[in-house]
Amino acid sequence: MQDLDRIDRALIRALRRNARITNVALAAEAGLSPSACLRRVQMLEASGVIRGYTALISGTLGERAQVVIVRISLDRQTEDVLNAFEAEVRKHPEIRECYLMTGEEDYLLRLETEGAGDYERVHKEILSRLPGVSRINSSFAIRSVI
């Protein structure tokens with residue numbers, strides 16, 4: 001990764017706050033002309049500093065959402081098992097986030113369910129059927145702090 005200067009860091013900060021900011025507004029915030037700003041952003045994208053843009057979707061369950069943090073251990077950590085697990089996880093919208101971890105568990109997942117009964121369904125129909133799973137450890141969130 002290239003060395004980032006003050007302007008690159010300003011662009012990245014602004015894009016983290018609002019990835020849909022117009023190029024003109026982004027240029028003004030960073031103190032650049034629109035054409036120079038566009039070139040900088042394109043260079044950050046081409047170099048892999050900016051890997052993509054995403055939409056943050058509010059929970060489809062709204063106030064009914066129950067957040068569950070799930071720690072998964074796999075029976076093996078081979079590339080084939082990791083790839084199969086990750087490919088299958090991507091198919092389930094209940095799994096909102098998935099992280100490959102260091103430490104005792106291999107993956108940490110954040111799920112949203114409609115409560116304990118819905119989580120039981122997700123556990124039986126999805127989590128326990130994921131490739132390579134040897135152990136599932138779940139915790140229900142009480143409330144969101146941040």
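How far apart are the mean positions of the positive and negative charges of the protein chain? Keep that in mind as you look around; we'll get to it at the end. One thing to know before you click: this is a predicted model.

**Stop 1: the whole chain.** Select the protein chain and show it as a cartoon. You should find 5 helices and 4 strands. Trace the chain along its sequence and the order reads α-α-α-β-α-β-β-α-β. The radius of gyration is 20 Å, well over the 15 Å that the globule rule gives for 146 residues, so the chain is more spread out than a compact globule. Now turn on the C-alpha atoms: along the principal axes, they fill a box of roughly 55 × 40 × 25 Å.

**Stop 2: inside and outside.** Switch to a surface view. The chain exposes about 10000 Å², and 51% of that comes from carbon and sulfur atoms. As for the inside, 30% of the 146 residues count as buried. Next, think about who touches whom: take the contacts between residues at least 6 apart in sequence, and 62% of them join residues at least 24 apart.

**Stop 3: R9.** Select helix α1, residues 6-17, and pick out R9 within it. Is R9 buried or partly exposed? With a relative accessible area of 41%, R9 is partly exposed, because buried would need a value under 20%. Now add A30 to your selection. A30 sits 21 residues away from R9 along the chain, and the C-alpha atoms of the two are separated by 9.2 Å.

**Stop 4: the charges.** Back to the opening question. Colour the 21 positive and 21 negative charges of the chain: their mean positions are 6 Å apart.

Technical notes. Residues numbered from 1 in each chain as written. Predicted model: local features only at pLDDT ≥ 70, side-chain atom pairs only at ≥ 80, totals over all residues. Heavy atoms only, no water. Helix = DSSP H or I, 4+ residues; strand = E, 2+ residues; numbered from the N terminus. Buried < 20%, exposed > 50% of the residue type's maximum accessible area, 1.4 Å probe, protein only. Rg over C-alpha atoms; globule rule 2.2 N^0.38 Å. Contact = heavy atoms within 4.5 Å. Areas by Shrake-Rupley, 256 points an atom, 1.4 Å probe, with all protein chains shown as cover. Lys, Arg positive; Asp, Glu negative; His and termini not counted. Charge placed at Lys NZ, Arg CZ, Asp CG, Glu CD.
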